[in-house]
Amino acid sequence: MTAHHPDATEAPAEIRSNVPGSFARGVLTRRHPALIRQVRDAIPLGPRQHRALDRLEADVARDEITPLDDAADDHSIWNDWAQGYYGQSWLDAPFLWAESYFYRKLLAATGYFESGPWRGVDIFAPSKQAELHSKDVDAELRALDELPRQAERERERGEVLLQSSLWGNQADLGFAASSNAPAEQRRDERLVVDDRTRLWDLLAAGTPGTIAVLADNVGRELIPDLVLIDHLLRHHAERVVLYVKPYPYYVSDATAPDTFEHLRRLAAAPGEAGAVGQRLWSALATGPLEIRAHSFFCAPLEFNRMPADLHDELAECALTILKGDLNYRRLVGDRAWDPVTPFERTTAYFPSPVAALRTLKSDVIVGMAPERLDELEASGSDWRTSGTHALVQLHGVTERQLLG
Ligand SMILES: O=P(O)(O)OC[C@H]1O[C@](O)(CO)[C@@H](O)[C@@H]1O
């Protein structure tokens, strides 16, 4: 791994889960055991798998991290990443590391990486399927037909699609360029940083090149992401590379098979959604759209430690659009940043201009205006972790680029 972060030595401490009452602690002590139970209930596992899940459950309950099996292909790479955490407390390890390792262990317990019938079986498929084939998604796809009437100009349509992609991260897909003005207004008020104008100016000014999209969740997030990608390919990009996870991760993160299923769902839909699906399908066939899954996207590391091959790929891109909370934590560093730390400072290492679209679902935040921060802190709400607030942050664009 190459460290590209110029400020690595000045960054504050990594978030850990050992602070009583903290958000990170709740994820490890409540959410992880619940997830193990959920997997047992959703998938008809055999006795061997239940025993492996018992062992993981016991590791979590007595708060001790145990190594992967010696036979695992990625055993030695995880040994490097573990930096002595084996035998230690889950709660004392960095939150980002501990969550990532938990998912790796959960999949190992169900036989995902072993040869045999469970190899490659996505244990989160039942909930992903339910979401993708829900009536909500049907309704939202139909709403796409209204879009040309509701948003006449290309830029207005783009803004609606960007909103859908952004708030889709809250699992709140809303294609309708809403007739419901107050709701839209409230959404805008819930943006804690809003670089949308700069982002559209950049897209309008630039000569089309490649845009990388780092995907996050399936269903009500990936569908609007794909619709936004179609819009980018039609108006702002010669090529889009969509990066997905190489294996099931954080329950609903998109993998390549998930993405293909979403494309089939779109392409089979009537009306505008179907047209979007068909265009994306042929963009995949002819080259303007590519789906990639780099192993680094399931690594327990911040993006400043991305390997050279991925760094070089992203460096070729005119822009990277990064979706969701986890990607944001990895982008700026999952650390106790002062929220007014400039976004530019935490992302200076990133190989291309980068736009983060995220609803806030964990404590990390940078780039805030002091007044806005004070106002939100005074509200007494859990605005940092509840997904009620969102941000669009852009970095890496000079005034010259913006002026075209
Ligand atoms: O799907 P997203 O937006 O990346 O959110 C995942 C988030 O969920 C959590 O795992 C738990 O809330 C966070 O730690 C993480 O950042």
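Reader: Into how many nonpolar, polar and charged residues does the shell around the ligand divide?

Author: In this predicted model, the shell includes Val-27, Glu-99, Asn-169 and Asp-216. Tyr-250, Arg-329 and Lys-361 are also among the residues that surround the ligand. Sorted by character, the shell holds three nonpolar, four polar and five charged residues.

Reader: Which helix gives the most to the shell around the ligand?

Author: Gly-324, Asp-325, Leu-326 and Arg-329 are among the residues surrounding the ligand. The helix that spans residues 324-332 supplies four residues to this shell. The helix that gives the most is therefore helix 15.

Reader: What radius of gyration does the chain have, and what would a compact globule have?

Author: The C-alpha trace spans about 60 × 45 × 40 Å along its principal axes. For 404 residues, a compact globule would have a radius of gyration near 22 Å. The value for the chain agrees with this, being 21 Å.

Reader: What share of the contacts with a separation of 6 or more comes from residues 24 or more positions apart?

Author: The chain contains 18 helices and seven strands, and 41% of its 404 residues count as buried. Among contacts with a separation of 6 or more, the share from residues 24 or more positions apart is 80%.

Reader: How many residues of domain 1 and of domain 2 are in contact?

Author: The domain assignment places domain 1 at residues 8-118 and domain 2 at residues 128-403. Their centres, taken over C-alpha atoms, are separated by 27 Å. The contact between them involves 17 residues of domain 1 and 18 residues of domain 2.

Reader: Which helix gives the most to the side of domain 1 that touches domain 2?

Author: The residues on that side of domain 1 divide into 15 nonpolar, one polar and one charged. Seven of the residues on this side come from the helix at residues 95-109. The helix that gives the most is helix 4.

Reader: In strand 3, which residue is the bridge partner of Ala-212?

Author: Strand 3 covers residues 237-243, and five of its seven residues are buried. Strand 2, at residues 209-214, pairs with strand 3 in the parallel sense over six bridges. In strand 3, the partner of Ala-212 is Val-241.

Reader: Is helix 17 mostly covered or hardly covered?

Author: Helix 17 runs over residues 370-379. Just after this helix, Gly-380 takes a positive phi of about 75°. Among the ten residues of helix 17, the count of buried residues is zero, and the helix is hardly covered.

Reader: Why does Tyr-250 count as partly exposed?

Author: Tyr-250 is found in the loop between strand 3 and helix 12, and this residue is also part of the shell around the ligand. A residue is buried if 20 or more other C-beta atoms lie within 10 Å of its own, and exposed if 12 or fewer do. Tyr-250 counts as partly exposed because its number of C-beta neighbours inside 10 Å is 18.

Reader: What is the phi of Val-251?

Author: Most residues other than glycine have a negative phi. Val-251 lies in the loop between strand 3 and helix 12, and with 17 C-beta neighbours inside 10 Å it counts as partly exposed. In that loop, Tyr-250 has a positive phi near 45°. The phi of Val-251 is positive as well, with a value near 65°.

Conventions. Residues are numbered from 1 along each chain as its sequence is written. This is a predicted model: local features need pLDDT of at least 70, side-chain atom pairs count only at pLDDT 80 or more; totals for chains, interfaces and linings use all residues. Helices (H or I, at least four residues) and strands (E, at least two) are DSSP runs, numbered from the N terminus. The radius of gyration is taken over C-alpha atoms; the globule rule is 2.2 Å times the number of residues to the power 0.38. Two residues are in contact if their C-beta atoms, placed from the backbone, lie within 7 Å. Domain bounds come from an automatic or database domain assignment. Ala, Val, Leu, Ile, Met, Phe, Trp, Tyr, Cys and Pro count as nonpolar, Asp, Glu, Lys and Arg as charged, and the others, Gly among them, as polar. A residue is near a molecule or strand if its C-beta atom, placed from the backbone, lies within 6 Å of it. Two strands pair if DSSP finds at least two bridges between them.
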